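Here's a quick walk through one protein chain, from its overall build down to a handful of residues. Have a look at the sequence and the model first, then read on.

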Amino acid sequence: IAGVLPEYQKHDIGYRLKVAQRDFALRIGIRLITWTYDPLESLNARFNIGKLGAVCRRYLRNFHGNMTGINTGMPTDRFEVEWWVTQNRVAARTERKWRPLKLEALLAGGAVLVNEATYSESGAPVPPLNYVSRPGNLMLVEIPASIQHIKRADMSLALRWRMHTRDVFENMFASGFIVTDFVPHVDGQGNQRSYYLLTHQDS
């Protein structure tokens, strides 16, 4: 486990720690590093998937059992991510040669938005009752921009997001999709939105 003290966060320290880990892995001949994280934590998603170039094809239900702290009251579902440190996609990100994907470009290119959220009167994102299941090469799955904020305001809504996304990801992984990127977005009303990009393995 690696972490950065709060007073040192937002200074790229976590990123540099992972780059150093990759350099060490390359020197000793390790190609794959794996770890887990909560798929509803958008900051972790942006870091692990978007910034480092990890991918995910495995969803783990209630992996840690009941926990306290920021995990209180929620099943500890996790993504198990794969960081293939020799891949070009990882090298491009660690060498800062990767340009983040834009939601508009993905949608214009045919990506399908699986589960567009609506907003409650209090301004909280709400998952849809159903989601798009028709196949496509590129699929976008929305998660809340801040699940911790939702938990503090409405635990039942947070649990609804957990169950909703569990169903979406388990079905998509079983259908041959993998998470390949993360796309942050600010919509026309100024809302922060967060999306995973999933790609079919045969694509």
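For the charge count here, Lys and Arg are taken as positive and Asp and Glu as negative, while His and the chain ends are left out. By that bookkeeping, the protein chain carries 25 positive and 19 negative side chains. The centres of those two sets sit 6 Å apart. Keep in mind throughout that this is a predicted model.

**The chain as a whole**

What does the fold consist of? The protein chain has six helices and nine strands. Its C-alpha trace spans about 50 × 40 × 30 Å along the principal axes. A compact globule of 203 residues would have a radius of gyration near 17 Å, and the protein chain has 17 Å, so the two agree.

How much of the chain is tucked away? Of the 203 residues, 43% are buried. On the outside, the protein chain exposes about 11300 Å², with carbon and sulfur atoms supplying 53% of that area. As for who touches whom, take the contacts with a separation of 6 or more: 71% of them join residues that are 24 or more positions apart.

**Two odd backbone angles before α1**

Most residues other than glycine have a negative phi. Lys 10 goes the other way, with a positive phi of about 65° although it isn't a glycine. Asp 12 also has a positive phi, about 70°, and isn't a glycine either. Lys 10 is in the segment before α1, a helix that covers 13-27, and Asp 12 is found in the segment before α1 too. Are these residues buried or exposed? Exposed means over 50% relative accessible area, so Lys 10 at 87% is exposed. Asp 12, at 28%, counts as partly exposed, because it falls between the 20% and 50% cut-offs.

**Helix α6**

Helix α6 takes in residues 155-174. At 1.5 Å a residue, its 20 residues should span 28 Å, and the end C-alpha atoms are 28 Å apart, so the helix agrees with expectation. Its buried residues include Trp 161, Val 168, Phe 169, Met 172 and Phe 173. Charged side chains turn up on the buried list as well, among them Arg 162 and Arg 166. Just after α6, Gly 176 takes a positive phi of about 95°.

**Two buried strand residues**

Now for a pair of residues that sit in strands. Here's how they line up:

| Residue | Strand | Relative accessible area |
|---|---|---|
| Leu 197 | β9 (residues 192-200) | 4% |
| Val 112 | β4 (residues 112-113) | 12% |

Buried means under 20% relative accessible area, so Leu 197 at 4% qualifies, and so does Val 112 at 12%.

Which residues does Leu 197 touch, leaving aside its neighbours within four places in sequence? Its contacts include Leu 101, Leu 106, Ile 178, Val 179, Thr 180 and Asp 181, along with Leu 138, Met 139 and Leu 140. Leu 5 is another matter: it is 192 residues from Leu 197 along the chain, and their C-alpha atoms are separated by 30 Å.

With the same neighbours set aside, Val 112 is in contact with Val 132, Arg 134, Leu 138, Met 139 and Leu 140. So Leu 138, Met 139 and Leu 140 appear on the contact lists of both Leu 197 and Val 112. Val 112 and Leu 138 are 26 residues apart in sequence, with their C-alpha atoms 6.3 Å apart in space.

Technical notes:
Residues numbered from 1 in each chain as written. Predicted model: local features only at pLDDT ≥ 70, side-chain atom pairs only at ≥ 80, totals over all residues. Heavy atoms only, no water. Helix = DSSP H or I, 4+ residues; strand = E, 2+ residues; numbered from the N terminus. Rg over C-alpha atoms; globule rule 2.2 N^0.38 Å. Buried < 20%, exposed > 50% of the residue type's maximum accessible area, 1.4 Å probe, protein only. Contact = heavy atoms within 4.5 Å. Areas by Shrake-Rupley, 256 points an atom, 1.4 Å probe, with all protein chains shown as cover. Charge placed at Lys NZ, Arg CZ, Asp CG, Glu CD. Expected span 1.5 Å × (residues − 1).
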